Every structure is written in structure tokens, then in C-alpha cells.
Amino acid sequence: MIRVTVWNEYLHEKNNSKVAAIYPEGIHGCIAKFLKTNEDMVVRTATLEEPEHGLTQEVLDNTDVLLWWGHMAHNRVEDEIVERVHKRVLAGMGLICLHSGHASKIFRKLMGTNTHLLRWREDGDMVRFWTVDMAHPIAQGLGEYFELPIEETYGEYWDIPQPDDLVFISWIPGGEVFRSGCCWHRGQGRIFYFQPGHETCPSYHDANVQKVITQAIRWAYRPIAWTPLADQHTKPLPDISLGKN
Ligand code: ZN
């Protein structure tokens, strides 16, 4: 079983009736609900205002893949918790960073660049996601492209390190393009960024978006059989090249 934790800032839903109408159980509640229909996943949620943001060491130690949605309160996430999550990703926990999570402390730390820098606008445009890696496990069953009738526009240039796998590129009628589905490896961990999910758009109710997130979790899941050792000064292994001792 893949142990999934869906983390959400969970503030817009409490402060904005339009957002609450789209996500009455919170963005995390909506995502957890469709993920729970998968027989290979056990799902829990965590939010900013819980003690330790709901991400205690015990929770993280029992999480294989963490999903992250944040927007207005990135700076309220305690550095100590960011450190804790970072350490777990390097040790093999998957991280799925969603939408405005591009500017979160954890994503910026893992990428090492100014990932909060991109073009953005909110004009009610549609978006078309082109699959540019047809064989990638995250893209299975999505076809050449899929569309969302309304989503916030994100556009290039976006200051990320070159992705290890680029799965989707978005096109927007306003002329922008955006690397909207990107994979990276950090330590033993796998990271996927997926662009849709603006709080006033119903994107997490969309079947294709749900399919991408589900498949991204399976891709990011890495059961680790051993813990990397500490830095060690070693001797050579016994020489067996001549077949004798
Ligand atoms: Zn947004």
C-alpha cells in the first residue's frame, strides 16, 4: 500500500465563499476523496493550522508520497518542518507539488532556484496540456492532450532547474506556454510538479487531473529497502580479480 499524505494550507476555503463552494471539504478533502477510491493507497490529510502543520515526524515517517498545496501562507510554514520534509524526500519520500506550491519553501529548497518567478494572470482562459512524453507512467491514458475550460494562466519563463522528465507542456490562448508537468530526482526521492489547481477553479474535480495526480503518486512511490550510510572513509574491497585470495 502507498501511504499518501495530502497537505493543504486550507485558508482560502475558510475565507472565501467562492472557494468554499467549489471545495466544501477543502482542496485536501477533495483530493483525498478521489485518491481513496484507489485500492493501492491509504490516504490522510494535514493542514497548516494543525500542530506542527500536521507533519509530525511520526506522520512523515509513515508517508510514502506527500502532496503539497499552498498559496497565501508559504511564509507561515515553519523552517523546522520544511527541514523535516526535505530530509524525508532525500531519504525516498515522493513529493507532488501542486499549482501555487511552486512558491513554497519546500519546493524552492529542493529545486535550489527562484521557482516563485514565472508569468501569471487570471483572465478565465482555458488551458491545453500537451503530452510531450507519451511513454511516461504519469501520462498513461491521457492521450495527445487534454484541456481544462478555465484555469489560472502560468507562463514561461519559469525559473526551475531543467526537469529530469518533462511530461506536459501547456498552451494558453493568450499565447503563453508553460512546463506544466515536470519530474525531478533529489537524493532517493522523486518530485513531480503539476500546474492546475487555482483555488477558484474546479480543476481537482476533473477526471484527467485526478488521473495525472494518481499516476504521479504511483511514479513517485519508492519503497526504500536500505538507509544510505553516513559519510565513511573506507578500505578497498578484497581483490577477487584473479579468482584467488
Ligand atoms: Zn493560483
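Here are some friendly notes on this predicted model, point by point.

1. Let's start with the metal. The zinc ion takes its protein donors from three residues: His99 through NE2, Glu152 through OE and His198 through ND1. These donors lie 2.0 to 2.1 Å from the zinc ion. Along the sequence, the donor residues follow the spacing H-x52-E-x45-H. His99 sits in the loop between strand E4 (94-98) and helix H6 (105-111), while Glu152 belongs to the loop between strand E7 (145-148) and strand E8 (153-155). With their positions 53 residues apart, this pair links distant parts of the chain. Both His99 and Glu152 are buried.

2. Helix H3 deserves a look next. It spans residues 26-35, and nine of its 10 residues are buried, so the helix counts as mostly covered. Among the buried ones are Gly26, Ile27, His28, Cys30, Phe34 and Leu35. What do the buried residues of H3 pack against? Their partners are strands E1 (2-8), E2 (41-47), E3 (65-69) and E4, together with helices H1 (12-15) and H7 (207-220).

3. Lys33 lies within the span of H3 (residues 26-35), and is Lys33 buried or exposed? Lys33 counts as exposed because its relative accessibility is 55%, and the cut-off for exposed is over 50%. The side chain of Lys33 forms a salt bridge with that of Glu25, at 3.8 Å from N to O. Glu25 has a relative accessible area of 48%, so it is partly exposed.

4. Now for the nonpolar interior. The largest nonpolar core holds 39 residues. Leu35, Leu67, Phe168, Phe192, Tyr204, Ile213 and Ile217 have the most contacts inside this core. Helix H7 supplies the largest share of the core, with seven residues. Another core, of 31 residues, lies apart from that one and includes Val59, Leu60, Ile81 and Val85.

5. On to the charged pairs. The model has 14 salt bridges. One of them joins the side chains of Arg3 and Asp64, 3.0 Å from N to O. Arg3 is in strand E1, and Asp64 is in the loop between helix H4 (57-61) and E3, so far along the chain that the two are 61 residues apart. The two partners also differ in cover: Arg3 is partly exposed because its relative accessibility is 30%, whereas Asp64 is buried, with a relative accessible area of 10%.

6. A further salt bridge is formed by Asp125 and Arg121, whose closest N and O atoms are 2.7 Å apart. Why does Asp125 count as buried? Its relative accessible area is 18%, and buried means under 20%. Arg121 is buried too, at 18% relative accessibility. This pair is part of a network of salt bridges that links Arg121, Asp123, Asp125 and Glu176.

7. Finally, the surface. Which residues make the nonpolar surface patch of about 440 Å²? They are Trp130, Val132, Tyr145, Trp171 and Val177. Trp130 is found in strand E6, which covers residues 127-131. Its relative accessibility of 34% is why Trp130 counts as partly exposed.

Methods: Residues are numbered from 1 along each chain as its sequence is written. This is a predicted model: local features need pLDDT of at least 70, side-chain atom pairs count only at pLDDT 80 or more; totals for chains, interfaces and linings use all residues. Side-chain values use heavy atoms; hydrogens and water are left out. Donors are N, O and S atoms within 2.8 Å of the metal (3.2 Å for Na, K and Ca); water is not among the atoms, so sites may look incomplete. Helices (H or I, at least four residues) and strands (E, at least two) are DSSP runs, numbered from the N terminus. Buried means under 20% relative accessible area, exposed over 50%, partly exposed in between (1.4 Å probe, protein chains only). Patches are made of residues with over 30% relative accessible area and no salt bridge: like charges are joined within 9 Å, nonpolar side chains (Val, Leu, Ile, Met, Phe, Trp, Tyr) within 5 Å. Accessible areas come from the Shrake-Rupley method with a 1.4 Å probe; for residues, only the protein chains shown count as cover. A salt bridge is a side-chain nitrogen of Lys or Arg within 4 Å of a carboxyl oxygen of Asp or Glu. Contact means heavy atoms within 4.5 Å. A nonpolar core is a set of buried Ala, Val, Leu, Ile, Met, Phe, Trp, Tyr and Cys residues joined through side-chain atoms within 4.5 Å.
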